[in-house]
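Trainee: Could we go through the strands of this model together, step by step?

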Amino acid sequence: MLRLFDTALGTAAPLEPRDPGRLSMYVCGPTVYDAPHIGHGRFTVVWDIMRRYLSWSGLDVRFVSNVTDIEDKILAKASEQGRSPAEVAAHYEAVWCETQERLGVARPSDTPHATEYVGRMVEVIAELVERGHAYPGGDGVYFAAESIEGYGLLARQPIETLRAGARVEAGEEAGKRSPIDFVLWKLAKPGEPTWESPWGPGRPGWHTECVVMSLDLLGDGFDLHGGGLDLAFPHHENERAQALGIGRPFARRWAHSGMVVAEGGEKMSKSLGNTLSLQELVAAHDPRAFRLQVLQSHYRSPMAVGENTIAAAEGGVDRLDAFARQFAGARGLSPDRDALARFLERMDDDLDTPGAVGAAFDVLRRARAVSGEEAGRLAAAVFTIFEDALGLPMKAGIDAVPPEALATARARDEARRARDWARADAMRAQLQADGWIVEDGPDGTTIRR
């Protein structure tokens with residue numbers, strides 16, 4: 001069973017499904033006001049890997065990820081571009097979906113849009129006001145954070161520290177009773193889209209959207225809530241507080257993926273001018289290389305991204321493709337059980353994908369060092385791990401290596417290990433005469449057309 005680091009607990013804990021054999025999972029999706037950046041790419045691939053692994057492990061996974069299609073940034077972009085907020089949201093959602101498809105990220109089971117749930121959000125806000133956890137004030141309705149016992153759990157900080165470090169945004173001073181309170185309903189300004197409510201025309205605050213949609217689609221006490229580390233506080237904490245405020249059990253486990261940094265460890269930010277466009281990256285490089293790099297970084301750790309890191313990952317993808325060309329016939333064979341057991345052991349230890357991928361490359365090397373049925377079982381395990389469990393397809397192309405050429409390549413490796421250079425050179429010449437490109441690498445001889 002997968003043990004996952006739970007942000008709320010501060011330690012790893014078993015991910016035990018609420019309903020046997022089925023797992024409910026919610027991950028905060030995009031606010032569609034601009035093209036996705038590298039950080040978006042990292043966290044969507046992380047949660048895609050999580051989902052694929054759980055499904056491959058035998059669970060029926062319902063994966064919900066929302067789209068925020070009404071928010072301040074969308075309104076600002078609409079004003080800047082002279083388009084309606086709906087047009088801006090539709091355009092950038094299409095860009096998001098296209099980029100995710102290129103990254104090999106599977107579509108969610110459900111993709112709720114914030115504008116579809118405004119009526120239900122109004123009902124939840126009204127219930128929070130009635131229960132004394134929210135109040136009208138100034139330019140909207142605010143949640144009284146200090147009315148919830150244990151507020152600040154996901155920040156791993158006491159409420160006094162949060163209060164001391166809180167900032168009040170411009171325009172909110174007249175409405176808030178405490179600097180850590182947050183807006184649930186924003187009264188409309190001229191020209192903005194509006195919905196009716198008991199407090200006047202307006203629109204919901206960002207923190208109210210996900211709590212309503214996740215509970216509606218997944219129900220009380222759903223299994224896992226995920227997202228980027230930057231969302232743990234205040235966004236996820238504010239979701240949790242609202243669910244408690246209306247007496248609804250919320251997520252049973254909380255998990256957060258780490259941030260992306262530039263090569264050298266410097267934080268990526270627009271102000272520093274070191275951000276990378278996700279669209280440019282997948283256009284210039286094999287998108288599988290980005291997935292491999294994500295796999296080779298632990299999901300909770302910072303991940304450095306740059307031209308050098310992507311180039312290194314492309315080298316790893318080339319090795320996988322060379323392997324697929326040589327062992328294309330192993331697809332569909334029964335995989336080596338010990339190899340899969342080692343993979344499972346690493347994955348179930350807090351989704352240790354670097355350890356799991358390292359173990360899989362060890363299996364790849366072993367498959368090349370043996371022959372017969374053993375090589376086939378080991379090769380089948382490599383295909384199963386990368387393609388089925390991790391969502392990284394290996395491309396064999398049209399020229400799978402026939403057994404006689406493969407045998408010559410392996411015999412050449414044996415000759416090189418015995419330092420019989422003349423024999424090794426003779427077999428290289430034989431392979432080249434048959435039309436093969438012969439390459440030497442850390443895993444031995446690879447051949448391709």
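**Strands and their partners**

Mentor: Gly140 of one strand stands opposite Lys186 in S7, where strands (E, at least two residues) and helices (H or I, at least four) are DSSP runs numbered from the N terminus. This is a predicted model, in which local features need pLDDT of at least 70, side-chain atom pairs count only at pLDDT 80 or more, and totals for chains, interfaces and linings use all residues. Residues are numbered from 1 along each chain as its sequence is written, and side-chain values use heavy atoms, with hydrogens and water left out.

Trainee: Which residue in S7 stands opposite Val141?

Mentor: Strands pair if DSSP finds at least two bridges between them. S6 and strand S7 (residues 182-187) run antiparallel and are joined by four bridges. Opposite Val141 in S7 stands Trp185.

Trainee: Which residue in the hairpin of S5 and S6 takes a positive phi?

Mentor: Strand S5 (residues 134-137) and strand S6 (residues 140-143) are antiparallel, with four bridges joining them, and Gly137 stands opposite Gly140 in S6. The hairpin has two residues between the strands, and the positive phi, near 60 degrees, belongs to Gly138.

Trainee: Why is one side of S5 and of S8 left without a neighbour in the sheet?

Mentor: The open sheet has four strands in the order S5-S6-S7-S8, with antiparallel pairing. S5 and strand S8 (202-204) are at the edges, so one side of each lacks a neighbour in the sheet, because each has a single partner strand.
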